[in-house]
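Visitor: Please take a close look at a single part of this model, the packing of its helices, and place that part within the whole. A connected account would suit me better than a list.

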Amino acid sequence: MFPIEHCIVAVIPIIAYVLVRDRDVPTGGFLAIVFVGSQLPDLVDKPLAHQFGLIPSGRVFVHSLPVAVPILCLAGWYAWRTERLRAGGAFAFAYLSHIVADNRRVLSLPNPTLSDDMLWPFRPATPRPDVPYWAGEASINVRLWTLFSAVVLAITVYYLYRDINEQLRSSAT
């Protein structure tokens, strides 16, 4: 799926939930958390696979459940510690919606199964072309996605670092 499709799959149900529950629109910060959750697997895996060749495919590592579950547990723990369970739940929903959307074909068969990619590194990655279909002329889209990923992840790490420091300062007083 394309990034905008992952975002739409995550954000529409969350906006509907907030509108029904709170009778208000979600805040920009809340939507930013949903956006990062919906993009996180591709923000990490696509550059690692297609730009740097460190993993076998752009749908393994952060797309796989052995990595996703600890990330979601850590996010859930942080949400609980900071009393932001709705934000943590929105992040988890967005992240899992990405994984489910990428694996919708194998999950919707008459006998749904987990794909090999979802269980990587315990199963080998599904073979895919070295150059993705969306790479573009001279793989320019891979380079642009890598730059976009670096910017989004840097901003996310900055805000997370700032929030952790703020939480530590408020708990020390």
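**Helix packing and its surroundings**

Guide: Phe61 counts as partly exposed because its relative accessibility is 30%, between the limits of 20% for buried and 50% for exposed. The model is a predicted one, and Phe61 is a convenient way into it, since the backbone there stands out: phi is near 75°, a positive value in a residue other than glycine. Phe61 sits in the loop that runs between α2 and α3 (65-81).

From that loop, step back to the overall layout. The protein has 6 helices and 0 strands, and along the sequence the order reads α-α-α-α-α-α. A compact globule of 173 residues would have a radius of gyration near 16 Å, and the 17 Å of the protein agrees with this. Along the principal axes, the C-alpha atoms fill a box of roughly 55 × 35 × 30 Å. Of the 173 residues, 36% are buried. The accessible surface is about 10600 Å², and carbon and sulfur atoms hold 68% of that surface. Among contacts between residues at least 6 apart in sequence, 63% join residues at least 24 apart.

Now to the packing itself. Two packed helices are described by the angle between their axes and the distance between the axes. For helix α2 (residues 28-51) and helix α4 (residues 85-102), the axes come within 8 Å and cross at roughly 30°. The crossing of α2 and α4 is right-handed. On the α2 side, the contact is made by Phe30, Ile33, Val34, Val36, Gly37, Ser38, Gln39, Leu40, Pro41 and Asp42. Their partners in α4 are Arg86, Ala87, Ala90, Phe91, Ala94, Tyr95, His98 and Asp102. By class, the residues of this contact are 11 nonpolar, 4 polar and 3 charged.

Helix α4 also packs against helix α1 (residues 3-22), here at an angle of about 145° and with the axes 9 Å apart. This crossing, too, is right-handed. From α1, the residues in contact are His6, Val9, Ala10, Pro13, Ile14, Tyr17, Val18, Arg21 and Asp22. In α4 they meet Arg86, Ala90, Phe93, Ala94, Ser97, His98, Ala101 and Asp102. The contact of α1 with α4 divides into 10 nonpolar, 3 polar and 4 charged residues. Arg86, Ala90, Ala94, His98 and Asp102 of α4 thus appear in the contact with α2 and also in the contact with α1.

Back in α2, His50 belongs to that helix and counts as partly exposed because its relative accessibility is 23%. The C-alpha atom of His50 is separated by 28 Å from that of Leu31, 19 residues away along the chain. Leaving aside residues up to four places away in sequence, His50 touches Gly58, Asp130, Pro132, Trp134 and Val142.

Two more backbone features lie in the loop between α5 (104-107) and α6 (140-172). One is at Pro121, which is in this loop: the peptide bond from Trp120 to Pro121 is cis, with omega near 10°. The other is at Ser139, also found in the loop between α5 and α6, where phi is positive at about 60° although the residue is not a glycine. Ser139 counts as partly exposed because its relative accessibility is 23%.

Methods. Residues numbered from 1 in each chain as written. Predicted model: local features only at pLDDT ≥ 70, side-chain atom pairs only at ≥ 80, totals over all residues. Heavy atoms only, no water. Axes fitted to C-alpha atoms, helices over the stretch in contact; angles between N-to-C directions. Helix = DSSP H or I, 4+ residues; strand = E, 2+ residues; numbered from the N terminus. Left-handed = near helix turned anticlockwise from the far one by under 90°. Contact = heavy atoms within 4.5 Å. Nonpolar A, V, L, I, M, F, W, Y, C, P; charged D, E, K, R; others polar. Rg over C-alpha atoms; globule rule 2.2 N^0.38 Å. Buried < 20%, exposed > 50% of the residue type's maximum accessible area, 1.4 Å probe, protein only. Areas by Shrake-Rupley, 256 points an atom, 1.4 Å probe, with all protein chains shown as cover.
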